[in-house]
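Biologist: Thanks for sitting down with me. Could you show me the model, and then we can go through it together?

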Amino acid sequence: MTDQRIAVVVLAAGQGTRMKSATPKVLHRLAGLPLIAHVLRTASSLEPAHVAVVVRHERDRVAAEVVERAPDALVVDQDEVPGTGRAVEVAVRALPADFDGAVVVLSGDVPLLDVVSLRALVDAHVGGGNGATFVSAIAPDPTGLGRIVRDEAGAFVGVVEHKDATPEQLTITEANAGIYAFDVTHLRAVLPSLTTANAQGEKYITDAPALIGERGGRIDVVTLTDPWLVAGINDRAQLSDAARELNARIVRRHQVAGVTVQDPATTWIDLDVTIEPDAEVLPGTQLVGATAIAAGAVVGPDTTLRDTEVGAGATVNRVDATLAVIGAGASVGPFAYLRPGTILGDQGKIGTFVETKNARIGRGSKVPHLSYIGDAEVGEDSNIGANTITANYDGVAKHRTEVGSNVRTGSHNVFVAPVRIGDGAYTGAGTTVRKDVPAGSLAISYAPQRNTDGWVEEHRPGTPAAEAARRARGEQI
């Protein structure tokens, strides 16, 4: 049920210059999702009445991502006035005039914040009747972060930004997390009073609580003991640090749920991956996007699966697969490449150095090795010989190859599409199939073998081969 007491403001207007990237900071990806998507998911978990996202740098790109992830969100443009205070000000103006609840402010570059902590903030804020509530964390290295300043009794006094802090204040390790809850009435009253009289020449939202306190509003701080939950991403190093931490948490979550992960340090699992209990993930494996692994499957080592389904009891060994479906009890690899549209039936096999694309391979059928099967359909219980190619492209258009059930094809075959090989048919080794093969037929295309006696001695005199042939001839005489 929508919580009418809550509106969420997400700050996503910054350029993120320390990323040194043409991509806006909030669009950099973490565990398969842009940073802003993590924040929007957490925000939506509160079921707020309103979500407003403030944008400016690369406005259209960020707005497009917001609309895709949260279609009901308000996209609000920040003007030329800099600072988080101004961003909140334009967002609050965009909220309905009759909204009278709590405004929760989140940063678009703080992706690891969880719903439990966010709900604790809201409950503390609403339950305490606060005018403003901060989230703080004890940071081992608070460089660059605003500090929570308290009096001798430990009561909240204010927040000082790093660049404005005194040497004594810089020793404070309790840092402002950049996450807040405000009573909207107090917030609307004080936002016009924020100034740019500071070292950075920006309107700070951190100045609002002091002004709210002057109006009689109660100020409180919710301190989190896990600093990763409020870790901001400002450069590539921090992004990779956060990726490792989040991945470790994702891997552990799967382990606790009954998945065997042999080497968490070399296993990467995106946030939206699903893995059933009793599946096993071996070292060097990446599970990306919406990949789904069923119970009893063994994936890895050295495997990358993107948006791929793996059935129960399947084995996937040293495989690169994208948008593929691997049936229950099937076997893939080692060293197989499954391109989009590959569907391998139950108990099927795609073996060593096989590439497939837009191919449906039926139950129990096998493509064991050294083959390319593209734009093709193979029935059930068929065997495709080694070094087989479906020649699916005529230079203008792609065509399909159809192989029936219980077919046995020889090694080194080429199927020139469009072509069909009927149920129960056989093809000989080295065959190029240019026309349909009826069910139960044997297709052979070859030139008779011709041996030219003495060719090597005549045309390659003096070579080791010629000498070997001469000696062999002498032994036979």
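Biologist: Let me start with Glu402: what is its relative accessible area, and how does it count?

Modeller: Happy to help, and please keep in mind that this is a predicted model. Partly exposed covers the range between the buried limit of under 20% and the exposed limit of over 50%. Glu402 falls in that range and is partly exposed, with a relative accessible area of 37%.

Biologist: Which residue forms a salt bridge with Glu402?

Modeller: The closest N and O atoms of the pair are 3.3 Å apart, and the cut-off for a salt bridge is 4 Å. The partner, at 33% relative accessibility, is partly exposed. Glu402 pairs with Arg420.

Biologist: How many residues apart in sequence are the parts that Glu402 and Arg420 tie together?

Modeller: Glu402 belongs to strand E30 (residues 401–403), whereas Arg420 belongs to strand E33 (residues 419–421). The pair therefore ties together parts of the chain whose separation in sequence is 18 residues.

Biologist: Turning to Arg150 and Glu174, what is the N to O distance in their salt bridge?

Modeller: This pair links distant parts of the chain, with Arg150 in strand E8 (residues 147–150) and Glu174 in strand E10 (residues 174–183), 24 residues apart. Their side chains meet in a salt bridge, with an N to O distance of 2.8 Å.

Biologist: And is Glu174 buried or exposed?

Modeller: Its partner Arg150 has 33% relative accessibility and counts as partly exposed. Glu174 has 10% relative accessibility, and the limit for buried is under 20%. Glu174 therefore counts as buried.

Biologist: What separates Arg470 and Glu467 in helix H9?

Modeller: These two form a salt bridge, with the closest N and O atoms 3.1 Å apart. Arg470 is partly exposed at 47% relative accessibility, and Glu467 is partly exposed at 31%. Both lie in helix H9 (residues 464–476), and because they are 3 residues apart there, the separation is about one helical turn.

Biologist: Which residues are linked in a network of salt bridges?

Modeller: The model has a count of 24 salt bridges. A network of salt bridges links Asp79, Arg86, Glu89, Arg93 and Lys203.

Biologist: Now for strand E1: how many of its 10 residues are buried?

Modeller: Strand E1 spans residues 3–12 and is largely enclosed by the rest of the structure. That follows from the count of its buried residues, which is 8 of the 10.

Biologist: Which residue is the bridge partner of Leu11 in E4?

Modeller: E1 and strand E4 (residues 48–55) run parallel and are joined by 7 bridges. E1 also runs parallel to strand E6 (residues 102–107), with 6 bridges between them. In E6, Leu11 stands opposite Ser107, while in E4 its bridge partner is Val54.

Biologist: Which helix gives the most to the lining of the second largest pocket?

Modeller: About 250 Å³ of space lies in this pocket, and helix H1 (35–45) and helix H7 (236–256) each supply at least two residues of its lining. With 4 residues, the helix that gives the most is H1.

Biologist: By class, how is the lining of the second largest pocket made up?

Modeller: The lining has 13 residues, and Pro111, Leu112, Leu113, Asp114 and Leu246 are those nearest the pocket centre. By class, the lining splits into 7 nonpolar, 3 polar and 3 charged residues.

Biologist: Let us finish with the backbone. Which residue does a cis peptide bond join to Ala417?

Modeller: There is a cis peptide bond from Gly333 to Pro334, with omega near 0 degrees, and Pro334 sits in the loop between strand E24 (331–332) and strand E25 (336–338). For the bond at Ala417, omega is about 5 degrees. Its partner lies in the loop between strand E32 (414–416) and E33, and that partner is Pro418.

Biologist: What is the phi of Phe335?

Modeller: Phe335 is found in the loop between E24 and E25, and it is partly exposed, with a relative accessible area of 45%. Although Phe335 is not a glycine, its phi is positive, at about 65 degrees.

Biologist: And where does Asn387 lie?

Modeller: Asn387 also has a positive phi, near 60 degrees, in a residue other than glycine. Its relative accessible area of 33% makes it partly exposed. Asn387 is in the loop between strand E28 (366–378) and strand E29 (389–391).

Technical notes:
Residues are numbered from 1 along each chain as its sequence is written. This is a predicted model: local features need pLDDT of at least 70, side-chain atom pairs count only at pLDDT 80 or more; totals for chains, interfaces and linings use all residues. Side-chain values use heavy atoms; hydrogens and water are left out. Buried means under 20% relative accessible area, exposed over 50%, partly exposed in between (1.4 Å probe, protein chains only). On a 1 Å grid over the protein atoms alone, a cavity is a set of points where a 1.4 Å probe fits but cannot get out, and a pocket is an open set with protein on both sides within 12 Å along at least five of seven lines; lining residues have an atom within 4 Å of a point. Grid points are joined across faces, edges and corners, and a volume is the space filled by probe spheres set on the points. Ala, Val, Leu, Ile, Met, Phe, Trp, Tyr, Cys and Pro count as nonpolar, Asp, Glu, Lys and Arg as charged, and the others, Gly among them, as polar. Two strands pair if DSSP finds at least two bridges between them.
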